[in-house]
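This report covers a ligand site and the empty spaces of one protein model. It starts with the contacts and then turns to pockets and a cavity.

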Amino acid sequence: MAAGAVLYEKRQDVAVVTLNRPEVLNAFTPAMLGELSGALGRAGDEGCRALVLTGAGRGFSAGQDLDSIKDDYQRGGPDFVALLRDGFHPVVRRLREAPMPVLAAVIGVAAGAGLSLALACDTRIAAENARFTTAFTRIGLVPDSGMAYTLPRLVGMARASQLIAAAAPIDAATALQYGLVDRVVPAEKLMEEALAQAESLARGPTRAFVLSRRLLDFAQEHSLEETLVLEAQLQAEAGATADHRNAVAAFLRKEQASFEGR
Ligand code: LHQ
């Protein structure tokens with residue numbers, strides 16, 4: 001594998017992580033997933049307050065690199081458990097547990113586990129030329145890399161079932177209508193718009209964003225009673241941040257709040 005299958009750039013408080021195997025539409029190998037996991041960890045270590053995940057060239061990602069596992073089929077088949085456990089799953093966890101909001105900027109195609117990783121981000125902005133396909137059942141597989149968790153939560157169970165069974169590509173306008181993406185912009189403006197959105201997020205109450213994600217995820221799986229217990233804990237945590245205290249003080253002074261992410 002050539003070095004730099006994932007590019008990392010820190011632009012002030014925003015990390016830009018770019019999937020960088022454009023010749024295969026940024027399809028993933030295990031080494032590339034390791035690089036991606038490292039880049040996500042680095043953004044946290046360097047105190048970034050927002051992260052943009054995007055793809056180089058004409059696609060976001062075509063999912064697992066099928067060429068890289070083709071020889072495994074001569075030897076009884078790929079080790080699916082290892083590919084997921086050691087490759088994709090750590091990345092999904094890093095995205096869902098990132099200490100900053102994560103925005104996917106989708107240009108061109110997002111397929112299979114490439115789509116899964118976009119769905120694991122907090123928010124998605126798409127170029128007008130974006131195409132989305134679950135892809136998995138087209139090659140006789142079930143959705144992986146968290147898609148069975150994220151997709152129904154974003155679009156509802158009926159639509160998720162249909163998107164997984166049909167696996168036909170949908171365009172950006174349809175994805176927007178379904179709630180799969182939050183915004184659609186002209187392709188040439190994608191990075192400018194994504195960075196502007198990320199910079200705006202990076203000026204926000206980072207801890208409150210991250211705790212809110214945790215609370216929302218928890219609430220999907222737990223009762224109202226259990227959610228009320230966690231919300232009180234997390235509110236106490238958010239309420240102890242300088243950002244909260246400063247924002248209340250600014251409100252009382254009738255001034256605009258500014259946040260430092262702590
Ligand atoms: C690719 C790929 C690709 C390699 C395009 N691999 N080269 C987890 C664990 C274990 C095992 C299996 O999987 C998983 C998770 C998964 O992600 S499963 C789903 C895997 N992905 C797919 O099945 C999608 C396969 N790709 C496609 O269906 C098409 O390429 C899409 C619809 C993504 C794009 O179509 P086009 O825009 O027409 O582009 P293309 O097909 O011409 O692709 C461009 C090049 O990229 C081409 O190479 P070439 O040398 O001919 O220019 C493709 O072979 C290569 N490429 N996807 N996943």
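## Polar contacts to the ligand

A polar contact here is a pair of N or O atoms within 3.5 Å. The model is predicted. L66 provides one such pair: a backbone N or O atom of L66 is 2.9 Å from a nitrogen atom of the ligand. That pair counts as a polar contact because the cut-off is 3.5 Å.

Ligand oxygen atoms take part as well. A polar backbone atom of A113 lies 2.9 Å from an oxygen atom of the ligand. From R58 the partner is in the side chain: an N or O atom there is 3.1 Å from a ligand oxygen atom. How much of the ligand does the protein bury? Taken alone, the ligand exposes 1,000 Å², and the protein buries 66% of that.

## The shell around the ligand

The ligand is surrounded by 25 residues. The closest are A62, Q64, L66, A113 and R131. L66 and A113 thus appear in this closest group, and each also supplies a backbone atom to a pair described above, L66 with a ligand nitrogen and A113 with a ligand oxygen.

By class, the shell holds 16 nonpolar residues, three polar and six charged. Which element gives the largest share? It is α2, with four residues. Helix α2 spans 80–96, and β6 spans 109–111. Each of these two elements supplies at least two shell residues.

## The largest pocket

The ligand takes up the space of the largest pocket. The volume of this pocket is about 560 Å³. Its lining has 28 residues. Nearest the centre are A62, Q64, L66, G112 and I139. A62, Q64 and L66 are also among the residues closest to the ligand.

Helix α2 gives the most to this lining, with four residues. At least two residues each come from α2, β6 and β8, the last spanning 131–133. The lining divides into 20 nonpolar, four polar and four charged residues.

## The second largest pocket

The second largest pocket has a volume of about 400 Å³. It is lined by 20 residues. R96, D122, R213, L216 and D217 are the closest to its centre.

Which element supplies the largest share of this lining? Helix α8 does, with seven residues. It spans 206–221. Strand β7 (123–127) and helix α4 (147–155) also supply at least two residues each. By class, the lining has 10 nonpolar, four polar and six charged residues.

## The cavity

Rolling a probe the size of a water molecule over the atoms shows where empty space is left. How many cavities of 30 Å³ or more does the whole structure hold? The search finds one. The largest cavity contains about 40 Å³ of space.

Its lining consists of L115, F132, T133, T134, L151, L163, A168, I170 and L180. Seven of these residues are nonpolar and two are polar. No charged residue lines the cavity. The linings of the two pockets, in contrast, include charged residues: four in the largest pocket and six in the second largest.

Terms used. Residues are numbered from 1 along each chain as its sequence is written. This is a predicted model: local features need pLDDT of at least 70, side-chain atom pairs count only at pLDDT 80 or more; totals for chains, interfaces and linings use all residues. Side-chain values use heavy atoms; hydrogens and water are left out. A residue is near a molecule or strand if one of its heavy atoms lies within 4 Å of it. A polar contact is a pair of N or O atoms within 3.5 Å; within protein, one must be able to donate a hydrogen and the other to accept it, and residues adjacent in sequence count only if both atoms are side-chain atoms. Accessible areas come from the Shrake-Rupley method with a 1.4 Å probe; for residues, only the protein chains shown count as cover. On a 1 Å grid over the protein atoms alone, a cavity is a set of points where a 1.4 Å probe fits but cannot get out, and a pocket is an open set with protein on both sides within 12 Å along at least five of seven lines; lining residues have an atom within 4 Å of a point. A molecule sits in a cavity or pocket if more than half of its atoms lie within 2 Å of its grid points. Ala, Val, Leu, Ile, Met, Phe, Trp, Tyr, Cys and Pro count as nonpolar, Asp, Glu, Lys and Arg as charged, and the others, Gly among them, as polar. Grid points are joined across faces, edges and corners, and a volume is the space filled by probe spheres set on the points.
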